[in-house]
Amino acid sequence: MTDNKEVMNIKDQKEIKKRDDVIGWDDLFMGIAFMAGTRSKDPCTQVGACIVDQHKRIVSVGYNGMPEGCHDDKFPWGKDPNDPLKNKHTFVCHAELNAILNRHGADIRGSTIFVSLFPCNQCAKLIIQSGLKEIVYYCDKHAEKPSTIASKMMLDAASIKYRVYVPEKKVILVDLAKKFVSLMTTSAEIEP
């Protein structure tokens with residue numbers, strides 16, 4: 001015999017509906033790429049990458065920075081065009097490279113990489129050779145540079161898809177101190 005309290009609890013549970021304001025997959029993975037990029041010590045450009053397999057599982061993340069064992073304070077962060085030894089581009093590992101290397105043996109063939117900046121020609125070669133099949137990027141600010149044009153030429157030849165990230169939510173606010181996450185469709189929804 002069931003008492004009235006049990007019947008009420010069952011009835012209440014049937015009226016509970018699932019949330020439908022959840023974050024979309026692309027927003028989640030690009031958000032993780034952006035969060036990874038906040039680890040970068042680069043004063044000009046912080047790039048993050050997130051590799052996701054066909055089952056929407058995160059395989060790896062990476063960000064742009066100095067190679068392991070190369071102390072951030074002993075290598076240049078400037079862009080001296082006349083002295084390669086004073087130019088960060090001689091030393092910095094890109095986010096895509098770090099994400100590919102950080103996979104720790106996981107098979108990434110057929111996976112997608114989410115990146116905050118379109119991959120350069122060097123990273124395009126790594127993406128192709130690693131068997132990644134899609135790039136989702138946020139920004140293509142170097143589209144007119146030869147290295148980006150070369151990147152797209154190789155990606156097209158290798159049949160690697162690339163597409164610009166289109167956010168479903170305009171703002172994803174994470175307040176770690178309050179353990180609070182808010183999803184908003186416009187930035188005007190943020191309280192001052």
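In the predicted model, helix 2 covers residues 25-37. At 1.5 Å a residue, the 13 residues of this helix should span 18 Å, and the end C-alpha atoms are indeed 18 Å apart, so expectation and model agree. Seven positions need not be treated singly here: Asp26, Asp27, Phe29, Met30, Ala33, Ala36 and Gly37 of helix 2 are buried. An α-helix has 3.6 residues a turn, so residues three or four places apart point the same way. The buried residues of helix 2 pack against strand 1 (48-52), strand 2 (58-63) and strand 3 (112-117), and likewise against strand 4 (134-139), strand 5 (161-164) and strand 6 (171-175).

The protein chain that holds this helix contains 5 helices and 7 strands. Along the sequence these elements follow the pattern α-α-β-β-α-β-α-β-α-β-β-β. Of the 192 residues of the chain, 34% count as buried. Among contacts in the chain with a separation of 6 or more, 55% are accounted for by residues 24 or more positions apart.

Aromatic pairing was examined next. The structure holds 7 aromatic pairs. One of them joins Phe29 and Phe114 in a tilted arrangement, with 5.4 Å from centre to centre and 50° between the planes. This pair links distant parts of the chain, since Phe29 belongs to helix 2 and Phe114 to strand 3, 85 residues apart. Phe29 is buried, with a relative accessible area of 3%, and Phe114 is also buried, with a relative accessible area of 3%. A further tilted pair is formed by Tyr138 and Tyr165, whose centres lie 6.3 Å apart and whose planes make an angle of 40°. Because Tyr138 lies in strand 4 and Tyr165 in the loop between strand 5 and strand 6, this pair ties together parts that are 27 residues apart in sequence. The two tyrosines fall into separate accessibility classes: Tyr138 is partly exposed, with a relative accessible area of 44%, whereas Tyr165 counts as buried at 10% relative accessibility. Ring pairs also link Trp25, Phe29 and Phe114 into a cluster.

Pockets were then considered. The largest pocket encloses about 570 Å³ of space. Its lining comprises 25 residues, of which His89, His94, Leu117, Cys120 and His142 lie nearest the centre of the pocket. Helix 3 (95-101), helix 4 (121-130) and helix 5 (146-157) are the elements that give two or more residues to this lining. By class, the lining of the largest pocket divides into 11 nonpolar, 8 polar and 6 charged residues.

The second largest pocket has a volume of about 370 Å³. It is lined by 16 residues, and those nearest its centre are Asp27, Met30, Gly31, Phe34 and Ile172. Two or more residues of this lining are given by helix 2 and by strand 6. Helix 2 provides the largest share, 7 residues. The lining of the second largest pocket has 12 nonpolar, 1 polar and 3 charged residues.

Helix 2 thus recurs in each part of this description: buried residues of the helix pack against strands 1 to 6, Phe29 pairs with Phe114, and the helix gives the largest share of the lining of the second largest pocket.

Terms used:
Residues are numbered from 1 along each chain as its sequence is written. This is a predicted model: local features need pLDDT of at least 70, side-chain atom pairs count only at pLDDT 80 or more; totals for chains, interfaces and linings use all residues. Side-chain values use heavy atoms; hydrogens and water are left out. Helices (H or I, at least four residues) and strands (E, at least two) are DSSP runs, numbered from the N terminus. The expected span of a helix is 1.5 Å times one less than its number of residues. Buried means under 20% relative accessible area, exposed over 50%, partly exposed in between (1.4 Å probe, protein chains only). Contact means heavy atoms within 4.5 Å. On a 1 Å grid over the protein atoms alone, a cavity is a set of points where a 1.4 Å probe fits but cannot get out, and a pocket is an open set with protein on both sides within 12 Å along at least five of seven lines; lining residues have an atom within 4 Å of a point. Grid points are joined across faces, edges and corners, and a volume is the space filled by probe spheres set on the points. Ala, Val, Leu, Ile, Met, Phe, Trp, Tyr, Cys and Pro count as nonpolar, Asp, Glu, Lys and Arg as charged, and the others, Gly among them, as polar. Rings of Phe, Tyr and Trp (its six-membered ring) pair if their centres lie within 6.5 Å; planes under 30 degrees apart count as stacked, over 60 as edge-to-face and the rest as tilted.
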